[in-house]
Amino acid sequence: MKRIAASAFLAVMGSVLLFASGVENKTNMSTGYLRNPSRNTEAKRPEASYYNIAGTAFMKNGLHIEAGNQFVFKEYGNELNTGNAALDFYSNDETTVWLYPDADFVYKHDKFAIFGNFGVYAGGGSLEYSEGTSATKMLFLGSALATSGIANNHSLKVTSITYGGQLGGAYKFLDNLSFAAGLRYVHGTQTMSIKSNYFSGVGNGSNEISYKANGYTVSGVFGIHWQPIEVVDLAVQYQSKSSVKYKVTDVDGNLAEQFNIKNGKTFHTDLPAALNLGAGWQALENLYLSTSFNYYFNTFADQNSILGETDYANSWEIALGADWKICKWLSYSAGIQYGKQGTKDGSNSTFNPVLDSVCFGTGVEIYPTEELTLAFSGLFAKYFDTDYYLQDTYKTTLSKKVTNLSFGVTYHFPNL
């Protein structure tokens, strides 16, 4: 019974990890990404400060500033199938994320560029299940400390946000070749709360088990941008591993000790290293075509939760996109991306499902003046349901629906 309980709770706490881990490194760092997910050869907009840092050296002289926000409409679900009608159930989360900000700047002068970026590098908000998840249900049914009352009457909420920023410089060694390097700082916060009116009756001391954790680190990012001919862009970028050490604080609930949740405990939740490749072609004067490939080295990262380790294979995604300038004050973009995650039957999350997906993005840019750009975009992600087995026995079918809408503003100060 202890083995079932620990495993189930690990799956839940792993969901905190997954909501802010490298299994799903956040790449939706701008309105431009939602408009066209193929961004790895970006060299015209300040969002290059994240997707293609060496491309900043190819931008126009002056100061470029961009800021935006995304609205995330989601539904995460898990359906428990045990063969016992009394245990089977479905739970879901539909919490909308209203604040998902990003900001970028690039200062370009001659062959030099200085760039900076800020955004949500992992996680991004809260998930809340009013009836818990299949993992917490099996936890309380399998625990000698709990009762079926807790299993059927509890709620679960996890918030995980990792804000990040990077600052660096680029230099154009040749008219068609540049190199860039920068430092990245990330700061992650995690909170978890399980509530049940039955907790006090089994010695918890309150109706809640909860904790908070914080961690931070500094890492590096490097890039090269090459134009073998004037109308072709080739880019490669490497984001080194961000090893984030979390420290647990503000633990509430006497039962937390039973699961080794205690103040002062530390664990690592890394954002794995990533390799970003891109190729772009100015096919026509007003039409730019591109493709991007991202590979995430999950197997070389410590993807631990507060209770233990989880095992993920490496993951990757590939995107195709087009940017079409319709006229001097309007352009249209569209793109598609497929992502293959490194999850396994026994390594996933009932709380924040990590699923293979196909994403469709589209949007427009409007140019009221030569220096000002207004952008509006949306992205729909089609996720593929998958089965996840708790303790190799209890099958949970995981599902996910996400739609992102975004707006952004860019301004270019050419004389600075």
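# Report on a predicted model: contacts, spaces and selected residues

In this predicted model, residues 24 or more positions apart account for 71% of the contacts in the protein with a separation of 6 or more. The secondary structure comes to five helices and 18 strands. The protein has 416 residues, and 56% of them count as buried. About 17,200 Å² of the protein is exposed, and carbon and sulfur atoms supply 58% of that area.

## Pocket and cavities

Rolling a probe the size of a water molecule over the atoms shows where empty space is left. The largest pocket has a volume of about 1,200 Å³. It is lined by 38 residues, of which Lys44, Arg45, Lys60, Lys325 and Tyr367 are the closest to its centre. Strands E8, E12, E13 (315-327) and E18 (394-413) are the elements that give two or more residues to this lining. Sorted by class, the lining of the largest pocket has twelve nonpolar, twelve polar and 14 charged residues.

The structure also holds five cavities of 30 Å³ or more. The second largest cavity contains about 80 Å³ of space. Its lining is made up of 13 residues, and the closest to the centre are Thr27, Asn40, Tyr51, Asn276 and Asn294. Helix H3 (48-51), strand E8 (232-239) and strand E12 (287-296) each supply at least two residues of that lining. By class, the lining of the second largest cavity has four nonpolar, eight polar and one charged residues. Strands E8 and E12 thus recur: they contribute to the lining of the largest pocket and to that of the second largest cavity.

## Cysteines

How many disulfides does a search of the whole structure find? The search finds zero. Two cysteines can be described by their accessibility. Cys327 has a relative accessible area of 25%, so it is partly exposed. Cys359 has a relative accessible area of 8%, so it is buried.

## Residues in strand E5

Thr159 lies in strand E5, which spans residues 155-174. Is Thr159 buried or exposed? Thr159 counts as buried because its relative accessible area is 19%, and the cut-off for buried is under 20%. Leaving aside neighbours within four places in sequence, Thr159 is in contact with Gly125, Ser126, Thr189, Gln190 and Thr191.

Ile161 lies in strand E5 as well. Its relative accessibility is 18%, so Ile161 counts as buried. With neighbours within four places in sequence set aside, Ile161 is in contact with Val120, Ala122, Gly124, Gly125, His187, Gly188 and Thr189. Gly125 and Thr189 are thus among the contacts of Thr159 and of Ile161. Ile161 and Asn214 are 53 residues apart along the chain, and their C-alpha atoms are separated by 9.9 Å.

## Phe140 and Lys382

Phe140 is placed in helix H4 (residues 134-142). With a relative accessible area of 4%, Phe140 is buried. Ala151 is eleven residues from Phe140 along the chain, and the two C-alpha atoms are separated by 5.0 Å.

Lys382 is found in strand E16, residues 372-383. Its relative accessible area of 42% makes Lys382 partly exposed, because that class lies between the limits of 20% and 50%. Apart from neighbours within four places in sequence, Lys382 is in contact with Asp356, Ser357 and Val358. Tyr338 is 44 residues from Lys382 in sequence and 9.5 Å from it in space, C-alpha to C-alpha.

The C-alpha separations given above are collected here.

| Pair | Separation in sequence | C-alpha distance |
|---|---|---|
| Phe140 and Ala151 | eleven residues | 5.0 Å |
| Lys382 and Tyr338 | 44 residues | 9.5 Å |
| Ile161 and Asn214 | 53 residues | 9.9 Å |

## Backbone angles at two aspartates

Most residues other than glycine have a negative phi, and most peptide bonds are trans. Asp110 is not a glycine, yet its phi is positive at about 55°. Asp110 is found in the loop between strand E3 (101-109) and strand E4 (112-129).

Asp250 also has a positive phi of about 55° although it is not a glycine. Where does Asp250 lie? Asp250 lies in strand E9, residues 245-252. The relative accessible area of Asp250 is 47%, so this residue is partly exposed.

Methods. Residues numbered from 1 in each chain as written. Predicted model: local features only at pLDDT ≥ 70, side-chain atom pairs only at ≥ 80, totals over all residues. Heavy atoms only, no water. 1 Å grid on protein atoms, 1.4 Å probe; cavity = no way out; pocket = protein on both sides within 12 Å on 5 of 7 lines; lining within 4 Å. Points joined across faces, edges and corners; volume = space filled by probe spheres on them. Helix = DSSP H or I, 4+ residues; strand = E, 2+ residues; numbered from the N terminus. Nonpolar A, V, L, I, M, F, W, Y, C, P; charged D, E, K, R; others polar. Disulfide = S-S within 2.5 Å. Buried < 20%, exposed > 50% of the residue type's maximum accessible area, 1.4 Å probe, protein only. Contact = heavy atoms within 4.5 Å. Areas by Shrake-Rupley, 256 points an atom, 1.4 Å probe, with all protein chains shown as cover.
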